[in-house]
Amino acid sequence: MIEFQHVSKRYGRATPALHDITLSVARGELIFLAGPSGAGKSTLLKLIAAVERPSAGSLTVNGQDLGQLKPAGLPFLRRNLGLVLQQQRLLPDRSVLANVMLPLMVTGAASGEAEKRARAALDKVGLLDKATAAPLTLSGGEQQRAAIARAIVNRPQIILADEPTANLDRDSANLVLDALKTFHAAGVTCLISTHDEQFLDCANRVIYLRQGQIVESWRKETAATVT
Ligand code: ADP
Ligand code: ADP
């Protein structure tokens, strides 16, 4: 479903953020991207979402070669991706519900239908009782779960979450992870970056990045190292 072939990414003249990444992600996997800050985790997720472009190598997502992707193809790619990026905060001037409805409204859904689906998505992350609340009155963990509801309301096949548990206490972090695991259990492919090793227990595949390279990778089923 996601195929990296010798992908590198260089920002300007600096040392590459990612170097020679070859990686294959099958439908339905739950993958944690681990590694220290600066290792290239966000960059890897941004390449999949075509927020950034590879400097070298080839990257295919859902059969689409991102090197060949025209600007007109972007909305089609993104429709199948649920993004939970660190920079994307909820809009403070409208309710949690309106925030979650937004991705449906921009694709032209009727507002009644959008509201019904947004409520269903909030229910899935345990936040239906906060639907009418203003985002800034929510705790950090609740805001993250609302962001997850917004990311999945379009029923994407892939969820990309960048450090979704950063700055959360353990209980809130567990709720956020439970929400992601619910979607994984429903068949959604999930890639989650974290530098928080305490959450790696529940992964069925972990990929460690360091200085832009995959230094270790394992799957739970086999417990074998498959670097
Ligand atoms: P991580 O998510 O593991 O913390 P990043 O992918 O954010 O790692 O960063 C990898 C490297 O790329 C770092 O050295 C970072 O400074 C650099 N980098 C990331 N984004 C940019 C950017 N937009 N411009 C320049 N350098 C960047
Ligand atoms: P509904 O069919 O009314 O949308 P569901 O209980 O089937 O209600 O889904 C609740 C929410 O969870 C929906 O908003 C949907 O976006 C999301 N969802 C459910 N299943 C999936 C899935 N397989 N992939 C992505 N999102 C899903």
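**Two ligands and two sets of strands**

Helix H4 (residues 111-124) contributes the most to the shell around ligand 2, with 4 residues. Keep in mind that this is a predicted model.

Colleague: Happy to start there! Which residues are around ligand 2, and which helix gives the most to that shell?

Modeller: The residues around ligand 2 are Arg 117, Ala 120, Ala 121, Lys 124, Ile 152, Val 153, Arg 155, Pro 156, Phe 183, Ala 186 and Val 188. Among them, Arg 117, Ala 120, Ala 121 and Lys 124 carry numbers inside the range 111-124. The helix with that range, and the one that gives the most, is H4.

Colleague: How do the residues of that shell divide into nonpolar, polar and charged?

Modeller: Arg 117, Lys 124 and Arg 155 are in the list, and Arg and Lys count as charged. Ala, Ile, Val, Pro and Phe count as nonpolar. The division is therefore 8 nonpolar, no polar and 3 charged.

Colleague: Which residue has a side-chain N or O atom 3.0 Å from an oxygen atom of ligand 2?

Modeller: Two of the contacts to oxygen atoms of ligand 2 use the backbone: Ile 152 at 2.9 Å and Val 153 at 3.3 Å. The side-chain contact at 3.0 Å comes from Lys 124.

Colleague: And how much of ligand 2 does the protein bury?

Modeller: Ligand 2 sits in the second largest pocket. Besides the polar contact from the side chain of Lys 124, there is an area to consider. Taken alone, ligand 2 exposes 530 Å², and the share of that buried by the protein is 72%.

Colleague: Let's move to ligand 1. How many residues of the shell around ligand 1 are charged?

Modeller: Ligand 1 is surrounded by Tyr 11, Ala 17, Pro 36, Ser 37, Gly 38, Ala 39, Gly 40, Lys 41, Ser 42 and Thr 43. Of these, 4 are nonpolar and 5 are polar. The charged count is 1.

Colleague: What part of the area of ligand 1 is buried by the protein?

Modeller: Oxygen atoms of ligand 1 lie 2.6 Å from a polar backbone atom of Gly 38, 2.8 Å from a side-chain N or O atom of Lys 41 and 2.7 Å from one of Ser 42. Taken alone, ligand 1 exposes 560 Å², and the buried part is 55%.

Colleague: Now the strands. Which are the edge strands of the open sheet?

Modeller: The sheet has 4 strands with antiparallel pairing, in the order S2-S1-S4-S5. Strands S2 (18-25) and S5 (64-65) each pair on one side only. The edge strands are S2 and S5.

Colleague: What is the bridge partner of Glu 3 in S2?

Modeller: Strand S1 (residues 2-9) runs antiparallel to S2, and 5 bridges join them. In S2, the partner of Glu 3 is Ser 24.

Colleague: Which residue in the turn between S9 and S10 has a positive phi?

Modeller: 6 bridges join S9 (residues 205-210) to S10 (residues 213-219), which run antiparallel, and Arg 210 has Gln 213 as its bridge partner. The two strands form a hairpin with 2 residues between them. The turn residue with a positive phi, about 45°, is Gln 211.

Methods. Residues numbered from 1 in each chain as written. Chains lettered and ligands numbered in written order. Predicted model: local features only at pLDDT ≥ 70, side-chain atom pairs only at ≥ 80, totals over all residues. Heavy atoms only, no water. Near = heavy atom within 4 Å. Polar contact = N/O pair within 3.5 Å; in protein donor to acceptor, adjacent residues only side chain to side chain. Areas by Shrake-Rupley, 256 points an atom, 1.4 Å probe, with all protein chains shown as cover. 1 Å grid on protein atoms, 1.4 Å probe; cavity = no way out; pocket = protein on both sides within 12 Å on 5 of 7 lines; lining within 4 Å. Sits in = over half its atoms within 2 Å of the grid points. Pairing = 2+ DSSP bridges.
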